[in-house]
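Got your viewer open? Let's take a walk through this one together, one selection at a time.

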Amino acid sequence: MILISACLVGVDCRYDGGSKRIDEIEKLVKEGKAILVCPEQLGGLPTPRIPCEIKDGDGSKVLEKGARVLNKEGEDLTDSFVKGAEETLKIAALYGVKKAILKARSPSCGKNRIYDGSFQKLLIDGDGVTAALLKKHGILVLDEEDFREYIEKEY
Ligand code: SF4
C-alpha cells in the first residue's frame, strides 16, 4: 500500500482550498493500491488556511524542537504540524506502508526541498515535518516529480 498526499488526487485540502490532481497518482487509488492522508487536516488545521512555512530549519529540526512552523501572520502552528505527522505515521503503520508519494515543497509533505520561512518563494534543502517523520521510520518518500521512476517498476 502506498501513502499519498490527498491533494494530489483532487481532494481540496490545500491551504487555498484547492488541489493539484495528477491522473497517474489517482489511478493508484482507484486500483486500490493507495490510501490518502492530509497531515495538516489530521493535525486539526482548517481548510482553507493561512499558508505556513518552517522557520529556522526543516521538518527534522521541527521534530527535534529546534525549528517552528509559522503561518504568514506569525502564528506558531508547530504543534498541529507535529500532530499531523504523528497521525499520518499511525495510519502508515496500520497499513504497513513502505512508500509514500507526497506533495513537493509543502511544509508537511515536501521532501528534500521546502520553502525557507521567508514567504518569498525561496527554497532550501530539507523535508517537511511529515516527510521527515516518515523517512525517520524507514518509509521511502517520493513526490509528484519523481514517483514514476519507482512506482512504474513495481505496479
Ligand atoms: S501538501 Fe500535504 S498537508 Fe498540504 S494539502 Fe497536500 S496533503 Fe495536505
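Which side chain has a polar atom 2.7 Å from the backbone nitrogen of Asn112? It belongs to Asp127. Keep in mind as we go that you're looking at a predicted model.

**Stop 1: Asp127**

Select Asp127, and you'll land in the loop between strand E7 and helix H5. Is Asp127 buried or exposed? With a relative accessible area of 9%, Asp127 is buried, because anything under 20% counts that way. Now show the side chains of Asp127 and Lys135: a polar contact of 2.9 Å joins the two.

Next, bring up what Asp127 touches, skipping residues up to four places away in sequence. Ile54, Asp58 and Gly59 are among them, and so are Gly110, Lys111, Asn112 and Ile114. From further along the chain, Ala132 and Lys135 are included too. Want to try the distance tool? Pick the C-alpha atoms of Asp127 and Val141: these residues are 14 apart along the chain, and the two atoms are separated by 9.9 Å.

**Stop 2: helix H5**

Now select residues 129-136, which make up helix H5. How many residues of this helix are buried? Six of the eight are, so H5 is largely enclosed by the rest of the structure. The buried ones to colour are Val129, Thr130, Ala131, Ala132, Leu133 and Leu134.

Zoom in on Ala131, inside H5. Its relative accessible area is 0%, so Ala131 is buried. Leaving aside neighbours within four places in sequence, Ala131 is in contact with Leu102, Ser108, Cys109, Gly110, Lys111 and Val141. Take Cys109 from that list: Ala131 and Cys109 sit 22 residues apart in sequence, yet their C-alpha atoms are 5.2 Å apart in space.

Before leaving, look just after H5, where Gly138 takes a positive phi of about 80°.

**Stop 3: Thr88**

Jump to helix H4, residues 78-94, and pick out Thr88. Thr88 has a relative accessible area of 1%, so this residue is buried. What lies 2.7 Å from a polar atom of the Thr88 side chain? Look for the backbone oxygen of Gly84.

Then show the contacts of Thr88, again without neighbours within four places in sequence: Leu3, Val37, Pro39, Leu42, Thr130 and Leu134. You've met two of these names already, since Thr130 and Leu134 are among the buried residues of H5.

**Stop 4: Ser106 and its loop**

Head for the loop between strands E5 and E6, where you'll find Ser106. At 14% relative accessibility, Ser106 counts as buried. Its side chain reaches the backbone nitrogen of Cys109 at 2.9 Å. Apart from residues up to four places away in sequence, Ser106 touches Glu40, Ile114 and Gly128. For another distance check, choose Val62: Ser106 and Val62 are 44 residues apart in sequence and 14 Å apart in space, C-alpha to C-alpha.

Stay in this loop, which runs between E5 (99-102) and E6 (113-115), and select Arg105. Is Arg105 buried or partly exposed? Arg105 has a relative accessible area of 27%, so it is partly exposed.

**Stop 5: backbone oddities**

Here's a rule of thumb: most residues other than glycine have a negative phi, and most peptide bonds are trans. With that in mind, check the backbone of Arg105: its phi is positive, about 70°, although Arg105 is not a glycine. Then move to Phe119, in the loop between E6 and strand E7 (123-125). Phe119 isn't a glycine either, and its phi is positive at about 60°.

Now for a peptide bond. Select Thr47 and Pro48: the bond from one to the other is cis, with omega near -5°. Pro48 lies in the loop between helix H2 (39-42) and strand E3 (52-55).

**Last stop: the ligand**

Finally, select the ligand, which sits in the largest pocket. How many residues surround the ligand? There are 14, and the closest are Cys7, Cys13, Cys38, Lys103 and Cys109. Cys109 should ring a bell: its backbone nitrogen is the one that the side chain of Ser106 reaches, and Cys109 is also a contact of Ala131.

To finish, colour the shell around the ligand by class, and you'll get seven nonpolar, three polar and four charged residues.

Definitions and conventions:
Residues numbered from 1 in each chain as written. Heavy atoms only, no water. Helix = DSSP H or I, 4+ residues; strand = E, 2+ residues; numbered from the N terminus. Buried < 20%, exposed > 50% of the residue type's maximum accessible area, 1.4 Å probe, protein only. Polar contact = N/O pair within 3.5 Å; in protein donor to acceptor, adjacent residues only side chain to side chain. Contact = heavy atoms within 4.5 Å. Near = heavy atom within 4 Å. 1 Å grid on protein atoms, 1.4 Å probe; cavity = no way out; pocket = protein on both sides within 12 Å on 5 of 7 lines; lining within 4 Å. Sits in = over half its atoms within 2 Å of the grid points. Nonpolar A, V, L, I, M, F, W, Y, C, P; charged D, E, K, R; others polar.
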